[in-house]
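Me: I have a model open and would like to learn how to read it feature by feature. Could you walk me through it?

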Amino acid sequence: MDTVPPSDRPGTCPTWCTLTHGRHRGEDDTVHVSGSLVVRHTVLRLCMTVDPGTGAQEGPFVLVGAEELTLHEAEALIDALTQLVDRGAEVSPPAGA
Ligand SMILES: [Zn+2]
């Protein structure tokens, strides 16, 4: 796996960002995107923008396919899924149990 040379990373680049910065000046260095996880056919990743001039930060957001969730919304989704999975598991014991 390629690692981005530290000199090419803007100071605002989070550790989870996998983009190669410094190739294109301007807009490209304001967006930071993580590696992707795939659940079924949906791509999940983190995304954040930082304006190098003003330092204004948007995100990080969790991208679920085309949906953009705040971290708080993603946590709510996790909680809801966990509740449903726990309830479902009550009636069907996990495999191998
Ligand atoms: Zn970055």
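Me: Among contacts in the protein between residues at least 6 apart in sequence, what percentage join residues at least 24 apart?

Reply: First, the ground rules. This is a predicted model, where local features need pLDDT of at least 70 and side-chain atom pairs count only at pLDDT 80 or more, while totals for chains, interfaces and linings use all residues. Residues are numbered from 1 along each chain as its sequence is written. Two residues are in contact if their C-beta atoms, placed from the backbone, lie within 7 Å. Here, 7% of the contacts between residues at least 6 apart join residues at least 24 apart.

Me: What is the mean pLDDT of the protein, and which elements score lowest and highest?

Reply: pLDDT is the predictor's confidence in each residue, from 0 to 100. Where pLDDT is low, the predicted coordinates should not be read in detail. The protein averages 87, with 82% of the residues scoring at least 70. Among its elements, β1 has the lowest mean pLDDT, 93, and β5 the highest, 97.

Me: Which elements does the protein have, and in what pattern along the sequence?

Reply: Helices (H or I, at least four residues) and strands (E, at least two) are DSSP runs, numbered from the N terminus. By that rule there are five strands and one helix, and the pattern along the sequence is β-β-β-β-β-α.

Me: How should I read the pairing, and which strands does β3 pair with?

Reply: Two strands pair if DSSP finds at least two bridges between them. Strand β3 (residues 42–50) runs antiparallel to β1 (residues 31–33), and three bridges join them; histidine 32 has methionine 48 as its bridge partner in β3. Strand β2 (residues 37–39) also pairs with β3 in the antiparallel sense, over three bridges, with valine 39 opposite threonine 42. Between β3 and β4 there are six bridges, again antiparallel. Within that pairing, leucine 46 is matched with valine 62, and cysteine 47 with phenylalanine 61.

Me: Where does β5 fit in?

Reply: β5 (residues 67–70) pairs with β4 (residues 57–64) in the antiparallel sense, over four bridges. Phenylalanine 61 stands opposite threonine 70 there.

Me: What should I look for in the turns, and which residues have a positive phi?

Reply: Most residues other than glycine have a negative phi, and most peptide bonds are trans. In the β4–β5 hairpin, with two residues between the strands, glycine 65 has a positive phi of about 60°. The hairpin of β3 and β4 has six residues between its strands, and glycine 55 takes a positive phi near 80°. Arginine 40 deserves a look: its phi is positive, about 55°, although it is not a glycine. Arginine 40 lies in the loop between β2 and β3, a hairpin with two residues between the strands.

Me: Where is the cis peptide bond?

Reply: The bond from glycine 59 to proline 60 is cis, with omega near 5°. Proline 60 is in strand β4.

Me: How is burial judged, and is arginine 40 buried or exposed?

Reply: A residue is buried if 20 or more other C-beta atoms lie within 10 Å of its own, exposed if 12 or fewer, and partly exposed in between, with C-beta atoms placed from the backbone. Arginine 40 is exposed because it has 4 other C-beta atoms within 10 Å. Of the 97 residues of the protein, 7% count as buried.

Me: What surrounds leucine 44?

Reply: Leucine 44 lies in β3 and counts as partly exposed because it has 17 C-beta neighbours inside 10 Å. Not counting residues up to four places away in sequence, leucine 44 touches Ser36, Leu37, Val39, Val62, Leu63 and Val64. Leucine 63 is 19 residues away in sequence, and the C-alpha atoms of leucine 44 and leucine 63 are 5.4 Å apart.

Me: How do I check the helix, and what span should α1 have?

Reply: The expected span of a helix is 1.5 Å times one less than its number of residues. Helix α1 (residues 71–91) has 21 residues and so should span 30 Å; its end C-alpha atoms are 31 Å apart, which agrees. α1 is hardly covered, with zero buried residues among its 21.
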